[in-house]
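Biologist: I'd like to go through the labels on this one. Can you walk me through how each gets assigned?

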Protein chains: 2
Amino acid sequence: MITVALPKGALLEDSIQLLQEVGLDFSAFLDSSNRQLQIDDPTHTAKGLLVRAQDVPVYVEYGQAQLGIVGYDVLREKKPQVACLVDLKFGKCRMSVAVKESSPFRSPVELPLHSRVASKFVHCASEYFESLDLPVEIIPLYGSVELGPITGMSEAIVDLVSTGRTLKQNGLIEIEVLFESTAQLIVHPLSYRVNTGGLKTVVEKVRSQILAAV
Amino acid sequence: MITVALPKGALLEDSIQLLQEVGLDFSAFLDSSNRQLQIDDPTHTAKGLLVRAQDVPVYVEYGQAQLGIVGYDVLREKKPQVACLVDLKFGKCRMSVAVKESSPFRSPVELPLHSRVASKFVHCASEYFESLDLPVEIIPLYGSVELGPITGMSEAIVDLVSTGRTLKQNGLIEIEVLFESTAQLIVHPLSYRVNTGGLKTVVEKVRSQILAAV
């Protein structure tokens, strides 16, 4: 029996649908009355674990889940020791630098030295500005990053953008895309090598499903 | 005009009530139809900023808010450069070590060397186990920390406990209290010293209100 770590939030519905297509039914997690964080697939061939998106790679890294679905953004930020095997194509968004519309800067390289950049993705943000050789001060925030430039605390933000609506509503504009992100199928490397609970078959089914959908 | 950073979540209602008692009305944040993260007090003497609890000390540290209300737990975890002036007494909870009821360990010092401890409060947890001179591996999680022991990923957790209901429902028991936590009034040190926008008067009013309520 394998355990699959599923992310709460934006990727959950598509993740559950994909797993249903390969024969694993965790749709009980979508039931609004469900309070359980662990459920068995009705065929009892797999267990589902419903956790925060950022926690998915933790459970997979420690082998408590052999399989997981998580956004590429989380993998880039946390760099967990997991194998990333299939790009699942859904949950498309991008990691971007944004500034106020009224900002005089239209490219990250134009930002003054030691500018402040607010972000929930402090490693992604640091790495990016280091690659530009531009020293900035990263301000770690947990939510509503757009308040950084609005309150004047930061000149720019690094954040995930999907439709761009939140930026627009807050008078911010994207000036650079760091990378694109989609949902990824990750596995616990050792479990995959020894094929715990027929893990390789599940991964192959997912891969075929994704290829068939293209 | 001063800006007050208010925490979303469990402390919000009591925070708004306290500020109302000292003449600052941010009750509009409690209106379920409210989408704004920044509002003016109706007397236009202060501005309210509604942010994640963990972000409150960030806005105060950078001086974007001169005043903030936040749990002591967040201050212990983040150690921001702010002045903590008044214990507001509400939002009482405790930071505790918990294990499964079936665990053979009934005290943190009994935990085997290199045990795994899951926590959202990685600094509090590390500091505590260092003070015991007990090397453990801290596993950082973002939510549902109780899944650590349940899935077998960790032997123990360090987490905030208020009623203890979540622990009980998940078959966990508290074996040690690290510290008690209540809401705290924090200020931007320089703004306090130069008395920006009559900040000292507001702090004194809050202090009297708290003393009167005891």
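**Interface and rings**

Modeller: Sure. Chain A and chain B bury about 2500 Å² between them, with 59% of it on carbon and sulfur atoms; buried area is the accessible area (1.4 Å probe) that two parts lose on being put together, summed over both. This is a predicted model, where local features need pLDDT of at least 70 and side-chain atom pairs count only at pLDDT 80 or more, while totals for chains, interfaces and linings use all residues. Residues are numbered from 1 along each chain as written, chains are lettered from A in the order written, and side-chain values use heavy atoms, without hydrogens and water.

Biologist: How many salt bridges does the rule find across the interface of chain A and chain B?

Modeller: Zero. The rule wants a side-chain nitrogen of Lys or Arg within 4 Å of a carboxyl oxygen of Asp or Glu.

Biologist: What makes Tyr72(B) and Phe179(B) an edge-to-face pair?

Modeller: Rings of Phe, Tyr and Trp (its six-membered ring) pair if their centres lie within 6.5 Å; planes under 30 degrees apart are stacked, over 60 edge-to-face, the rest tilted. Here the centres are 5.5 Å apart and the planes at 85°, so edge-to-face it is.

Biologist: And why is Phe179(B) called buried?

Modeller: Buried means under 20% relative accessible area, exposed over 50%, partly exposed in between (1.4 Å probe, protein chains only). Phe179(B) has 8%, so it counts as buried.

Biologist: Why does Tyr72(B) count as partly exposed, then?

Modeller: Its relative accessibility is 27%, so Tyr72(B) goes in the partly exposed class.
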